[in-house]
Amino acid sequence: SRKWKVNPTEIELGDNVTISEKDFTIIAGPCSIESEEQIHKIVQHLVKNNIKIMRGGVYKPRSSPYAFRGLGLEGLKLFHSICKSNGIKIITEVMQVSQIDEMAEYVDIFQVGARNAQNFNLLDALGRIDKPVMLKRGISGTIDELLQSAEYVFSAGNEKIILCERGIRTFENSYRNTFDINAIPILKEKSHLPVIADPSHGIGLRNHVPKIALAAMAAGADGIITEIHYEPEKAFSDGQQTLNFEEFEKLLKQIKSIKKVL
Ligand code: PEP
Ligand code: MN
């Protein structure tokens, strides 16, 4: 907590890529890693826009077991080799303890998904490694539960933690999740850890994602993680909330102009 550590935590990923309060971090990429061609196209777009961290799931927690569940370790190796040769860092979801070791050499940040926010064995194990971990808020998790999950990782020895507000399940059903804008200033006040907003899962509707991204920025988030794809309609998962390249570039311009005001 802030009481214990006043100075904000900075997450160093190497090659001068840092997640901290000092700059607004933009993480972008597809919901799922789909193919070599897809990785290449998206990496090129990130390079063009000077984005240093790419997201993309290879182990996908899906509501239906029949939905696309990711390319697994082979997909991660491909993801890693293309990103590495382009100077891009990787964040991807780890779903269980047994995956940590085999994934570690290909990953820059381990993402713990909303469905695993209280998988305490996974959190304990991630506390014992020397790699940054981004913790997503649980599907119906409170702010305090998110902070307690961070304590699991922290108390086991890993202090490289990023918090992520990705919306929670409420009674409202006119969008996917209720993005909790209030969580951002509260997390920033209570914790010294960087706070990243996920507007894609936060609202779940592509045309509104940029507005939520900008709102999160105004609320004090240290960055955003956004789903992008050159053909969102054809994405293997979460296409409905994925920005196309044009929409993403428009958002980047808006972020730059708001940055000057804040
Ligand atoms: C994702 O990032 O694609 C994802 C599955 O997120 P969440 O765990 O927040 O639902
Ligand atoms: Mn997704």
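How many helices and strands does the protein have? Count them up and you get 9 helices and 10 strands. Keep in mind as you look around that this is a predicted model.

Let's start with the overall build. The radius of gyration of the protein is 17 Å, close to the 18 Å that the globule rule gives for 262 residues, so we are looking at something as compact as a globular protein of that length. If you lay the C-alpha trace along its principal axes, it spans about 45 × 45 × 40 Å. Buried residues account for 48% of the 262 residues. As for how the chain folds back on itself, take the contacts between residues at least 6 apart in sequence: 66% of them join residues at least 24 apart.

Now for the strands. A set of 8 strands closes into a barrel, and you can follow them round in the order β3-β4-β5-β6-β7-β8-β9-β10, with parallel pairing. From one strand to the next, the twist averages 25°. For a closer look at one piece of this, pick β4, which covers residues 53-55, and β5, which covers residues 89-93: these two pair in the parallel sense over 3 bridges. Arg-55 is a handy landmark here, as it stands opposite Ile-91 in β5.

Finally, turn to ligand 1. Going along the sequence, the residues around it are Cys-31, Gly-57, Pro-61, Gly-113, Ala-114, Arg-115, Lys-136, Arg-166 and His-201. Sort that shell around ligand 1 by class and it comes out as 3 nonpolar, 3 polar and 3 charged residues. Glycine goes in the polar group in this scheme, while Lys-136 is one of the residues around the ligand and lysine counts as charged.

Methods:
Residues numbered from 1 in each chain as written. Chains lettered and ligands numbered in written order. Predicted model: local features only at pLDDT ≥ 70, side-chain atom pairs only at ≥ 80, totals over all residues. Near = placed C-beta within 6 Å. Pairing = 2+ DSSP bridges. Helix = DSSP H or I, 4+ residues; strand = E, 2+ residues; numbered from the N terminus. Axes fitted to C-alpha atoms, helices over the stretch in contact; angles between N-to-C directions. Rg over C-alpha atoms; globule rule 2.2 N^0.38 Å. Buried ≥ 20, exposed ≤ 12 C-beta atoms within 10 Å, placed from the backbone. Contact = placed C-beta atoms within 7 Å.
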